[in-house]
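Thanks for coming, everyone. Let me put the structure up, and then we will walk through the DNA surfaces and the helix packing.

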Number of protein chains: 2
Amino acid sequence: MTIKEVCKKFDITPDTLRYYERVGVIPEVNRTKGGIRDYSEEDIKWVENAVCMRSAGVPVEMLIEYVKLFQEGDSTITARRDLLMEARVEVQKNLDKYQATMDRLNYKISRYEEAVKTGVLSWDVVNIKKD
Amino acid sequence: MTIKEVCKKFDITPDTLRYYERVGVIPEVNRTKGGIRDYSEEDIKWVENAVCMRSAGVPVEMLIEYVKLFQEGDSTITARRDLLMEARVEVQKNLDKYQATMDRLNYKISRYEEAVKTGVLSWDVVNIKKD
DNA sequence: ATACTCCTTGGAGTTAACTCCAAGTCAAGA
DNA sequence: TCTTGACTTGGAGTTAACTCCAAGGAGTAT
C-alpha cells in the first residue's frame with residue numbers, strides 16, 4: 001500500500017505519516033527497490049493505532065516509548081502494560097472533562113433555545129445554574 | 001477575590017488568567033484603586049466557564065467570539081446559540097474519539113494482563129482484534 | 001523610611017505536533 | 001530518450017496556547 005493510500009484511509013497527510021515514522025511513533029516501513037514506502041498490513045495496524053491514540057491526545061512521546069519497548073521484545077511486557085495504563089488514566093481524565101463540557105454546553109444551548117423562542121434570556125446563560 | 005485565589009480555585013496560573021483577560025476569553029476584571037485585579041462572582045463564573053471549555057479543547061478563538069457577542073447584547077442571542085452548537089459538534093466528535101481510544105486501551109491492557117500472568121503474548125496486543 | 005512581597009504591564013520565548021519546502025530520485029508513458 | 005508526476009530527504013517554518021521575563025508600582029511589616 002502506498003503512502004497516499006494509507007493517508008486517504010486514515011485521513012492524514014503524507015507529511016504527518018513520514019513524521020510519525022521519522023520520530024518513531026510507528027516502526028520503520030518497508031520500501032520498494034526504489035526507496036518508496038510500501039505499507040504492509042502490520043504497518044497499517046501501527047498507523048491505525050497511532051492515529052487512534054493521537055486523536056485522544058496521547059502524546060507522541062508516549063507512542064514512541066511504546067514502539068521502542070515493543071521492539072525490545074517480551075522482556076518489556078510489564079513496562080508496556082504500565083505505559084498503557086498510564087495513558088488510560090490521562091484519556092479517562094480527559095473523557096470526563098469532555099463529558100462535563102458537553103453537559104455544560106447542552107445546558108447553555110437549551111437555555112438559549114428557550115431565549116430564542118420566548119425572547120427572554122435567563123440570568124445564567126453564561127454560566128451554570130447557581131448552586 | 002485575588003488572582004492567586006482564583007488560580008488556586010481552578011488550578012491555573014496567573015499568567016494564563018491574565019492572558020485570558022488580555023485576549024478576551026473572559027471580560028475585563030474590576031481592579032482595586034491600586035490597579036490590582038479583584039474578581040467578582042460574575043468574573044469567577046466566566047473563568048469557570050473558560051476553564052471548562054478549554055479543558056475540552058474549545059478553541060480560545062471561539063471563546064473570544066462568544067464574549068464579544070455577549071457584550072453586544074440580546075441581538076446576538078441566536079448567533080451565540082449557533083456558536084455553542086458549533087462547539088458542541090466538535091466536543092462530541094472528540095468525546096467519541098476519546099471513547100474509542102479508551103476501548104482500545106482497555107482491550108490492549110486486558111491482553112497484556114493476560115500476557116503478564118501466563119507469559120504468553122497474543123499476536124494482536126499492538127492492534128485491535130482482527131476483523 | 002526601608003524592605004519585602006505580590007501585583008502590574010508589554011513583549012519576547014517556549015512547546016508539541018505538525019507542515020512546508022527545495023533539491024533530488026525513480027518508474028512509466030510519449 | 002525525455003518528460004512527467006509521485007515519491008524521497010533533511011531541515012526550516014508554522015500554529016495555538018500558553019509561559020516567562022524585566023521593569024516598575026502598591027501595600028504591609030519593621
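**DNA surfaces and helix contacts**

Helix 2 of chain B gives the most to the surface near DNA strand D: 5 residues. Helices here are DSSP runs of H or I with at least four residues, strands are runs of E with at least two, and both are numbered from the N terminus.

Before going on, some ground rules. This is a predicted model, where local features need pLDDT of at least 70, side-chain atom pairs count only at pLDDT 80 or more, and totals for chains, interfaces and linings use all residues. Residues are numbered from 1 along each chain as its sequence is written, chains are lettered from A and ligands numbered from 1 in the order in which they are written, and side-chain values use heavy atoms, with hydrogens and water left out.

Stay with strand D. Which residues come closest to DNA strand D? They are Arg18(A), Arg37(A), Asp15(B), Tyr20(B) and Arg54(B), out of 17 that surround the strand. Being near means that a heavy atom of the residue lies within 4 Å of the molecule or strand. Of the atoms of DNA strand D that come within 4 Å of the protein, 70% are sugar and phosphate.

Both chains contribute. Helix 1 and helix 2 of chain A, plus helix 2 of chain B, each supply at least two residues of the surface near DNA strand D. By class, that surface has 6 nonpolar, 3 polar and 8 charged residues. Nonpolar covers Ala, Val, Leu, Ile, Met, Phe, Trp, Tyr, Cys and Pro; charged covers Asp, Glu, Lys and Arg; the others, Gly among them, are polar.

Now the phosphate contacts on strand D. An N or O atom in the side chain of Arg54(B) is 2.7 Å from a phosphate oxygen of DNA strand D. For Arg18(A), again a side-chain N or O atom, the distance to a phosphate oxygen is 2.9 Å. Tyr20(B) places a polar side-chain atom 3.0 Å from a phosphate oxygen of that strand. A polar contact is a pair of N or O atoms within 3.5 Å; within protein, one must be able to donate a hydrogen and the other to accept it, and residues adjacent in sequence count only if both atoms are side-chain atoms.

Next, strand C. There are 17 residues around DNA strand C, and Asp15(A), Tyr20(A), Arg54(A), Arg18(B) and Arg37(B) come nearest. Sugar or phosphate makes up 70% of the strand C atoms within 4 Å of the protein, and bases make up the rest. Here helix 2 of chain A has the largest share of the surface, 5 residues. The surface splits into 6 nonpolar, 3 polar and 8 charged residues.

Which part of Arg37(B) approaches a phosphate oxygen of DNA strand C, backbone or side chain? A polar backbone atom, at 2.7 Å. Arg54(A) uses a polar side-chain atom, 2.7 Å from a phosphate oxygen. Arg31(B) also has a polar side-chain atom there, at 3.0 Å from a phosphate oxygen of DNA strand C.

On to helix packing, starting between the chains. Helix 5 of chain A (residues 77–118) packs against helix 3 of chain B (residues 41–55) at about 125°, with the axes 8 Å apart. Axes are lines fitted to C-alpha atoms, for helices over the stretch in contact, and angles run from 0 to 180 degrees between N-to-C directions. The two helices are therefore oblique to each other. Angles under 35 degrees count as roughly parallel, over 145 as roughly antiparallel, 65 to 115 as roughly perpendicular, and the rest as oblique.

Who touches whom? On the chain A side, the residues include Tyr98(A), Arg104(A) and Leu105(A); on the chain B side, they include Glu48(B), Cys52(B) and Met53(B). Contact means heavy atoms within 4.5 Å. This contact has 5 nonpolar, 3 polar and 4 charged residues.

Last, within chain A. The axes of helix 4 (residues 60–71) and helix 5 of chain A come within 10 Å and cross at roughly 165°. That makes helix 4 of chain A roughly antiparallel to helix 5 of chain A. Among the contact residues are Tyr66(A), Leu69(A) and Phe70(A) of helix 4, and Leu83(A), Leu84(A) and Ala87(A) of helix 5. The contact divides into 8 nonpolar, no polar and 3 charged residues.
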